Amino acid sequence: MNKVIPKDALVFLKELKVNNNRDWFNEHKREFKSIEAEIKESYNYLGQLLNMHDKIDKVKLFRIYRDVRFSKNKLPYKTHFGGSFHRVKPELRGGYYLHIQPNDASFIGIGFWNPDKEDLFRIRKEFEMDDTEIREILNDKTFKTVWGNFVGEELKTAPKGFDRNHAAIDLIRRKQYIFTKSFTDEVVLDQDFIPAVNEAFEIARPYLDLMSDILTTNLNGEPLV
């Protein structure tokens with residue numbers, strides 16, 4: 001049975017934004033728990049759809065509570081729902097993310113948000129050696145229509161040890177290898193939203209699979225896992 005994002009979720013998040021304090025939240029906690037349960041069902045349903053074309057071993061809906069210990073922003077609650085879908089490691093790398101936030105701020109994301117130093121170096125060396133396959137994916141009409149171009153942080157110049165005039169420097173200087181796609185509230189509340197997200201994620205598979213292949217082999221193409 002298809003699961004939908006409840007309209008009450010967006011209404012609650014809007015109210016939470018203007019009442020972001022513990023007293024208000026505690027007064028409305030029963031309402032929150034009911035909405036959270038529905039959201040979890042929708043995320044789990046998306047996880048089931050993903051497992052029809054990928055291997056997902058974990059669906060994680062993040063907590064509404066903010067960690068304010070090291071933040072200048074001391075508001076106690078997030079004003080969105082966010083959740084990730086973990087691919088089976090170590091053979092499959094990268095992941096999927098779904099972010100629900102009112103006022104047309106919802107989005108989905110894929111890729112590598114914060115690759116560690118070793119993974120980042122391996123990716124850059126691959127693109128330095130041969131950027132043919134990644135260019136084919138990035139220039140694919142269907143992929144480009146859905147996902148557009150890379151977003152996220154990048155260096156202003158070449159990383160240490162790389163030629164700033166290299167033909168693939170636009171790829172090599174990236175610090176994050178992610179794509180996002182935004183949605184309006186109207187689309188989020190549509191009954192076909194979750195299947196549409198799954199379809200977008202499936203279109204991203206060639207990218208995630210290529211990056212998985214890169215990160216599970218050495219520069220000679222020999223398997224590491």
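The following legends describe close-up views of a predicted model.

**View A. Helix H3 and the elements that cover its buried residues.** Helix H3 comprises residues 29-50. At 1.5 Å a residue, its 22 residues should span 32 Å, and the distance of 31 Å between the end C-alpha atoms agrees with this expectation. The buried residues of H3 are Phe32, Ile35, Glu36, Ile39, Ser42, Tyr43, Tyr45, Leu46, Gly47, Leu49 and Leu50. Their cover includes three helices, H1 (7-18), H2 (22-27) and H9 (193-203). Strands S1 (56-61), S2 (81-87) and S3 (95-100) also belong to this cover.

**View B. The salt-bridge network of Asp54, Arg87, Arg205 and Asp209.** The count of salt bridges in the model comes to 15. In this view, the side chains of arginine 87 and aspartate 54 form a salt bridge with an N to O distance of 2.8 Å. Because arginine 87 belongs to strand S2 and aspartate 54 to the loop between H3 and S1, the pair ties together parts 33 residues apart in sequence. Arginine 87 and aspartate 54 are both buried. A salt bridge also joins aspartate 54 to arginine 205, at 3.9 Å from N to O. Arginine 205 lies in helix H10 (residues 205-215), so its pairing with aspartate 54, in the loop between H3 and S1, ties together parts 151 residues apart in sequence. Both partners, arginine 205 and aspartate 54, are buried.

**View C. A salt bridge within helix H4, between arginine 122 and glutamate 126.** The side chains of these two residues meet at 2.9 Å, N to O. Arginine 122 and glutamate 126 are four residues apart in helix H4 (residues 117-129), and thus separated by about one helical turn. An α-helix has 3.6 residues a turn, so residues three or four places apart point the same way. Arginine 122 has a relative accessible area of 12% and therefore counts as buried, the limit being under 20%. Glutamate 126, with a relative accessible area of 15%, is likewise buried.

**View D. Aspartate 67 in the loop between S1 and S2.** Aspartate 67 counts as partly exposed, at 46% relative accessibility. Its side chain is joined to that of arginine 69 by a polar contact of 2.7 Å. Between aspartate 67 and valine 225 the C-alpha to C-alpha distance is 35 Å, and the two residues are 158 apart in sequence.

**View E. Aromatic pairs involving helices H9 and H10.** The model has a count of 24 aromatic pairs. The ring centres of tryptophan 147 and phenylalanine 201 are 6.4 Å apart and the planes lie at 10 degrees, so this pair is stacked. Tryptophan 147 is in helix H6 (residues 141-147) and phenylalanine 201 in helix H9, and the pair thereby links distant parts of the chain, 54 residues apart. Both tryptophan 147 and phenylalanine 201 are buried. Phenylalanine 150 and tyrosine 207, by contrast, form an edge-to-face pair, with 5.9 Å centre to centre and 70 degrees between the planes. This pair links the loop between H6 and helix H7 (169-172), where phenylalanine 150 lies, to tyrosine 207 in helix H10, 57 residues apart. Phenylalanine 150 and tyrosine 207 are both buried.

**View F. An aromatic cluster that includes Phe32.** One aromatic cluster is formed by Phe12, Trp24, Phe25, Phe32, Tyr65, Tyr77 and Phe81. Phe32 is also one of the buried residues of H3.

Terms used
Residues are numbered from 1 along each chain as its sequence is written. This is a predicted model: local features need pLDDT of at least 70, side-chain atom pairs count only at pLDDT 80 or more; totals for chains, interfaces and linings use all residues. Side-chain values use heavy atoms; hydrogens and water are left out. Helices (H or I, at least four residues) and strands (E, at least two) are DSSP runs, numbered from the N terminus. The expected span of a helix is 1.5 Å times one less than its number of residues. Buried means under 20% relative accessible area, exposed over 50%, partly exposed in between (1.4 Å probe, protein chains only). Contact means heavy atoms within 4.5 Å. A salt bridge is a side-chain nitrogen of Lys or Arg within 4 Å of a carboxyl oxygen of Asp or Glu. A polar contact is a pair of N or O atoms within 3.5 Å; within protein, one must be able to donate a hydrogen and the other to accept it, and residues adjacent in sequence count only if both atoms are side-chain atoms. Rings of Phe, Tyr and Trp (its six-membered ring) pair if their centres lie within 6.5 Å; planes under 30 degrees apart count as stacked, over 60 as edge-to-face and the rest as tilted.
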